[in-house]
Amino acid sequence: MNFVDSHCHMDAYTEKSGVELDTWWNSVDPKPDALIHVSCEEPTFDYARRIAEQYPNVYASFGIHPIHAETYNAHMEQELLKLWALPKTVGIGEIGFEYHYECAPHKTQREVFERQLEIGLPFHKVFVLHLRDAEEDSLSVLQNANLQGATLHVHSCTTSAHFVDEVLKLPCRVYIGFTGILTFKNADEVRNAASHVPLERLLLETDSPYLAPVPHRGKVSHAGMIPDIGKVLAEVQGVPFEELMDTVRKNTRDCYGI
């Protein structure tokens with residue numbers, strides 16, 4: 001079975017599980033083709049750069065998460081520009097809005113989101129979007145941004161079907177990622193949103209170490225759990241599991257080039 005975890009945090013996985021990346025990779029079954037490790041604040045940048053350089057099947061994404069928007073400054077921006085230029089960097093993010101938790105002021109989140117979109121576009125990397133409980137503001141930013149030639153990955157989609165419909169109309173390539181939340185008993189709205197996404201625009205992700213899917217609730221999630229999410233996504237889409245997994249693997253290759 002060929003699959004990629006299109007969004008995970010391996011440093012946080014090691015912190016929560018006590019298992020180092022080498023040990024995990026040698027023991028996990030089923031084993032992913034590759035991982036996209038996402039680094040969301042400056043103290044984690046060096047780890048992400050190192051593992052992407054060390055492991056052929058680990059790729060990196062760098063950005064300032066909306067939770068950390070107030071830390072954004074000129075020095076950090078220059079560091080991001082260098083990291084985005086690296087060959088193993090495939091993504092810019094995760095960037096966007098976090099309105100579920102009280103963190104940075106909404107105005108600051110918007111400014112930092114818009115700035116990273118603006119300066120990131122010339123790199124032709126995938127924008128990894130964290131858009132939690134902020135549908136109106138998210139659409140406002142995206143519909144007014146210069147996205148010609150861009151590729152977006154809406155990470156851990158928990159939005160309404162209406163939002164999915166609208167974001168898929170943007171003048172760029174848009175992929176929608178689903179995590180273990182899709183398998184939760186109370187996630188009917190998420191499954192409904194997933195049913196609105198064309199098969200060729202779907203991605204699978206764990207957001208490891210968070211959001212472990214059924215039947216692993218309460219455990220530390222990791223990329224080996226991707227097939228459990230895929231089984232539910234196949235049911236939602238009304239296609240055989242093997243077809244879903246093959247198509248999503250192709251989607252990941254088309255989206256991220258890996």
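The legends below describe close-up views of a predicted model.

**Figure 1. Helices α8 and α9 pack against each other.**
Two packed helices are described by the angle between their axes and the distance between the axes. Helix α8 covers residues 188–195 and helix α9 covers residues 226–237. Their axes lie 9 Å apart and make an angle of about 65 degrees. The crossing of α8 past α9 is right-handed. On the α8 side, the contact is made by Arg191, Ala194 and Ser195. On the α9 side, Val232, Leu233, Val236 and Gln237 take part. Sorted by class, the residues of this contact are 4 nonpolar, 2 polar and 1 charged.

**Figure 2. A salt bridge joins Arg249 and Asp33.**
How many salt bridges does the model contain? The count comes to 11 salt bridges. In the pair shown here, Arg249 and Asp33 have their closest N and O atoms 2.8 Å apart. The pair links distant parts of the chain, with the two positions 216 residues apart in sequence numbering. Arg249 belongs to helix α10 (residues 241–256), while Asp33 sits in the loop between α2 (21–27) and β2 (34–39). Is Arg249 buried or exposed? Arg249 has a relative accessible area of 10%, so it counts as buried. Asp33 has a relative accessible area of 27% and is partly exposed.

**Figure 3. Asp46 and Arg49 form a salt bridge within helix α3.**
The side chains of Asp46 and Arg49 meet with N and O 2.3 Å apart. Both residues are in helix α3 (residues 45–54). They are 3 residues apart, which means that about one helical turn separates them. An α-helix has 3.6 residues a turn, so residues three or four places apart point the same way. Asp46 is partly exposed, at 39% relative accessible area. Arg49 is also partly exposed, at 27%.

**Figure 4. Asp254 and Lys250 form a salt bridge within helix α10.**
Here the N to O distance is 2.8 Å. Asp254 and Lys250 are 4 residues apart in helix α10, so about one helical turn lies between them. Asp254 has a relative accessibility of 33% and counts as partly exposed. Lys250, with a relative accessible area of 47%, is partly exposed as well. Elsewhere, salt bridges that share partners join Asp46, Arg49, Arg50 and Glu53 into one network.

**Figure 5. Helix α5 has buried residues that pack against several elements.**
Helix α5 runs over residues 106–120, which makes 15 residues. At 1.5 Å a residue, the helix should span 21 Å. Its end C-alpha atoms are 21 Å apart, so the expected span and the model agree. Which residues of α5 are buried? They are Thr108, Gln109, Val112, Phe113, Gln116, Leu117, Ile119 and Gly120. These buried residues pack against two helices, α4 (74–84) and α6 (135–144), and two strands, β4 (89–98) and β5 (126–132).

**Figure 6. Two peptide bonds in the model are cis.**
Most residues other than glycine have a negative phi, and most peptide bonds are trans. One cis bond joins Gly93 and Glu94, with omega at about 25 degrees. Glu94 is placed in strand β4. Another cis bond joins Val214 and Pro215, with omega at about 15 degrees. Pro215 is in the loop between β8 (202–204) and α9.

**Figure 7. Ser156 and Leu211 have positive phi values.**
Neither residue is a glycine. Phi of Ser156 is near 45 degrees. Ser156 lies in the loop between β6 (151–154) and α7 (161–167). With a relative accessible area of 12%, Ser156 is buried. Phi of Leu211 is about 60 degrees. Where is Leu211? Leu211 is located in the loop between β8 and α9. Its relative accessible area is 26%, so Leu211 is partly exposed.

**Figure 8. Gln143 touches Glu166 and Leu170.**
Gln143 is part of helix α6. It is partly exposed, with a relative accessible area of 47%. Leaving aside residues up to four places away in sequence, Gln143 touches Glu166 and Leu170. The C-alpha atoms of Gln143 and Val167 are 8.4 Å apart in space, and the two residues are 24 residues apart in sequence.

Terms used:
Residues numbered from 1 in each chain as written. Predicted model: local features only at pLDDT ≥ 70, side-chain atom pairs only at ≥ 80, totals over all residues. Heavy atoms only, no water. Axes fitted to C-alpha atoms, helices over the stretch in contact; angles between N-to-C directions. Left-handed = near helix turned anticlockwise from the far one by under 90°. Contact = heavy atoms within 4.5 Å. Nonpolar A, V, L, I, M, F, W, Y, C, P; charged D, E, K, R; others polar. Salt bridge = Lys/Arg side-chain N within 4 Å of Asp/Glu carboxyl O. Buried < 20%, exposed > 50% of the residue type's maximum accessible area, 1.4 Å probe, protein only. Expected span 1.5 Å × (residues − 1).
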